[in-house]
There are 2 protein chains.
Amino acid sequence: MPKLKLYNTGEYWLIDHIRRYLKKFLNKRLISPYNRFNVVVGPGDDSAVIDILNNCSVVISTDTLVENTHFKLNWAGLFGIEKYFYFLGYKSIAINISDLSAMGAVKPLFCLVSLGLTPDCSIENIDRLYDGIQSLTKKYGMNIIGGDIFKSENIIISVTIIGVAKQKSVVTRAGAKIGDKIYVTGNLGDSRAGLEILQRKNDKTKLNSDEKYLVLKHLCPPIRIKEAEMISEYATSMMDCSDGLYLSLKTIGNESNVGMKVNVDKIPVSKQLINWTKNEMINYSVIGGEDYELVFTSGYDNLDKKLNKIKVWQIGEIVSDTGGIVFYSDKRRIRIDTKNIFEHFSV
Amino acid sequence: MPKLKLYNTGEYWLIDHIRRYLKKFLNKRLISPYNRFNVVVGPGDDSAVIDILNNCSVVISTDTLVENTHFKLNWAGLFGIEKYFYFLGYKSIAINISDLSAMGAVKPLFCLVSLGLTPDCSIENIDRLYDGIQSLTKKYGMNIIGGDIFKSENIIISVTIIGVAKQKSVVTRAGAKIGDKIYVTGNLGDSRAGLEILQRKNDKTKLNSDEKYLVLKHLCPPIRIKEAEMISEYATSMMDCSDGLYLSLKTIGNESNVGMKVNVDKIPVSKQLINWTKNEMINYSVIGGEDYELVFTSGYDNLDKKLNKIKVWQIGEIVSDTGGIVFYSDKRRIRIDTKNIFEHFSV
């Protein structure tokens, strides 16, 4: 029998497979010589959560950017290589803060930065990478407490982030209830459009202002930590939208055992994306990934009125799980073409 | 002016460069909404240490194995690919536990495992990798609480490990005092010999029992966590010997502002290494890396008598920093050929 390969199963199957393996061994109450540590959220959510103090939980996550998987160095031309390294550093921290934000009111405190570098990498580029990292760690009052440097054939930027949250305040993917409303925190689809512009460009490409906006949304995603703190008081489930709205909703649906009705006309999109994409909006707003907006559910209707300091968009509601996720526009059901969903391990 | 490249500066220069950059921004007292966190040890030691509870510190480290930098898949033939993936999983955790051990009496509690995988990787191999990881996390009562899976052109295994230690009990690289004795916890040089055997072998190679022992020392390094706990009561400085004795001593010397006299005849070596290497012992015992034994200093002479449950070897003593590190054999000074030191970024 031929061996099952990763390109047969895909990323989501593997994550589920590993998660089931790890669950067999997960020991929820670890006793150290000094304290008890309860694993409140283990593998499979945006971050892990451990109750470590009497009044607070430690929230931990890790995310990696790898050259030729997540970015290419020949995309640098538009900005110059040093500015591009700055963006890479910025993004490596932004996506990790996003994983913490997705758990609710989390204060990021520390990170470890591991860098795989090629021998011909210039010190200036590494310095700019750290400037990009530092721009965010400074802004959010974080410390870089450690890391690792090693040789690699491609550039690898692997960050582990550690924050704290008030105990019992974290929001997982598993709490959505029938009747809850579904919300997102900002425009979806920009990042995938930006990625496609980078992939198609060549040395002579000049970007118009819409394209530049979309590319910068891909390189420097928004950070929703302030929003997450305010949302967490009202949210029943939440995750970040790193793999696209469709997969995020599917995950919340599976974890919470619920179905959804989503009005695609309510999904917020930028005027730049409308200008750029013309007719294929759903491939971007529903399927496109890496927007790093939050998707959440809440028992409250019209939450944008309660949350007057931040903006959220109500895009649908939670229903029983019999129908799965139904997308509609103008009251007519529409089919989502899932072949456009990004799969890491396809060949 | 041509740009300074990493192959001009090397790994140690870069680590020092980054560390100085990070020190500028290090904010030792972070105030979260829930607690104060003091960074006791920041970037540049084996692990970071944060005082987080009244009676204990959190100890955190990260270490990565990358295909073609740290290992090659064509080294698998001797054991079969599945067993080899088991070894990779084992080693990825062992080297991280080693980073915690190097700080003293640390109880490892949690780890996050990030995997970069190629699309043609078989699920069986990934399962065996996790079996190797799990064999150690189970043995040491640890939980795998999270991680990340992504596509990569090479296999990448990046682990972040988190443990706890009694507050103020951690041992850094900076405490060695003049008159202290220098100790190691076990045989040095085996791992480099094992690595060379793997590099030279081809499909027809059959290993004798000495070679097999040396290769297994490279693939499954020892874990000195019990030793570290007992040693920490007596040690003034400590680090793990992952980049070889010479570089470890140099680091402790620099961090503690001291010099050293080391008797190479006292460095413990295995009979298998003696059989295999014949005349070039120093290239292995002094220069060779990845043995993951602990190197430490202590004000106590003949510590092996106090530590009767574990074995340590006294190899030299701390002197003033004017002479640097002096190696001698039979009372005659010997020069160490530093061109044999492993440099990640050489081309």
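Contacts in chain A are mostly a long-range affair: in this predicted model, residues 24 or more positions apart make up 82% of the contacts with a separation of 6 or more. The chain that is tied together this way carries 11 helices and 14 strands. Its overall dimensions fit a compact globule, because 347 residues would be expected to give a radius of gyration near 20 Å, and chain A comes out at 20 Å. Laid along the principal axes, the C-alpha atoms take up a box of roughly 60 × 60 × 55 Å.

Turning to burial and surface, 62% of the 347 residues of chain A count as buried. What chain A does expose adds up to about 14400 Å², with carbon and sulfur atoms supplying 47% of that area. As for charge, chain A has 45 positive and 39 negative charges, and the mean positions of the two sets sit 4 Å apart.

Helix α5 of chain A, spanning residues 190–200, gives a local view of the burial. This helix is mostly covered, with nine of its 11 residues buried. The buried set starts with D190(A), S191(A) and R192(A), carries on through A193(A), G194(A) and L195(A), and also takes in E196(A), I197(A) and L198(A). Charged side chains are thus part of the covered set, since D190(A), R192(A) and E196(A) are listed there and Asp, Arg and Glu are the kinds of residue counted as charged. As to what does the packing, the buried residues of α5(A) lie against three other helices of chain A, namely α6 (209–219), α9 (271–277) and α10 (281–285).Further along the chain, D337(A) turns up in the segment after β14 (332–334) of chain A. D337(A) has a relative accessible area of 39%, so it ranks as partly exposed, given that this class runs between the 20% limit for buried and the 50% limit for exposed. In sequence, D337(A) and I282(A) are 55 residues apart, yet in space their C-alpha atoms are 9.1 Å from each other.

Finally, there is the matter of the second copy. Chain A lands on chain B after a rotation of 180 degrees, with 0.0 Å of shift along the axis and an RMSD of 0.0 Å. The two copies are therefore related as by a two-fold rotation axis. Both copies also use the same surface, as 100% of the contact residues of chain A recur in chain B.

Note on methods. Residues are numbered from 1 along each chain as its sequence is written. Chains are lettered from A and ligands numbered from 1 in the order in which they are written. This is a predicted model: local features need pLDDT of at least 70, side-chain atom pairs count only at pLDDT 80 or more; totals for chains, interfaces and linings use all residues. Side-chain values use heavy atoms; hydrogens and water are left out. Helices (H or I, at least four residues) and strands (E, at least two) are DSSP runs, numbered from the N terminus. The radius of gyration is taken over C-alpha atoms; the globule rule is 2.2 Å times the number of residues to the power 0.38. Buried means under 20% relative accessible area, exposed over 50%, partly exposed in between (1.4 Å probe, protein chains only). Contact means heavy atoms within 4.5 Å. Accessible areas come from the Shrake-Rupley method with a 1.4 Å probe; for residues, only the protein chains shown count as cover. The place of a charge is taken as NZ of Lys, CZ of Arg, CG of Asp or CD of Glu. Copies are superposed by least squares on the C-alpha atoms of residues with pLDDT of at least 70 in both.
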